[in-house]
Amino acid sequence: MFARVCSGCHGQMGEGRRGPRLIGEGALQHHGDAGRLYNFVRQAMPFNAPGSLSDQQYLDVVAFLLERNGYNPNGTVVTAESAATLPLR
């Protein structure tokens, strides 16, 4: 999902292009927790069609970002409810 929908703006490796860097030290910390990140991407992304993905697709993107940034070391299944328990630090 990330490669298909997000990488055009955020880069193949989440390094940032037209959009900000999403993968790397401190990249997502300003969201506070994965629940806030999920709510943001669900409401604002993709930039050219906000809200156009399914809830599961948004959760998949958030789960991918958490995994790539090391924010989900216990492998918690990312749901709208569990995301709020996963800090981004």
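**Exercise 1.** What percentage of the 89 residues in the chain do buried residues make up?

*Solution.* Start with the term: buried means under 20% relative accessible area, exposed over 50%, and partly exposed in between, with a 1.4 Å probe and protein chains only. By that cut-off, buried residues account for 38% of the 89 residues.

Before going on, please note that this is a predicted model, in which local features need pLDDT of at least 70, side-chain atom pairs count only at pLDDT 80 or more, and totals for chains, interfaces and linings use all residues. Residues are numbered from 1 along each chain as its sequence is written, and side-chain values use heavy atoms, leaving out hydrogens and water.

**Exercise 2.** Find the elements of the chain, then its compactness.

*Solution.* Helices (DSSP H or I, at least four residues) and strands (E, at least two) are numbered from the N terminus. The chain has 3 helices and 0 strands, in the order α-α-α from the N terminus. Its radius of gyration, over C-alpha atoms, is 12 Å, close to the 12 Å from the globule rule (2.2 Å times the number of residues to the power 0.38) for 89 residues, so the chain is as compact as a globular protein of that length. The C-alpha trace spans about 30 × 25 × 20 Å along its principal axes.

**Exercise 3.** Place Asn 39 in the fold.

*Solution.* First, locate Asn 39 in helix α2, residues 34-44. Next, take its relative accessibility of 33%, which makes Asn 39 partly exposed. Finally, look across to Tyr 58: the two are 19 residues apart in sequence, and their C-alpha atoms are 9.0 Å apart in space.
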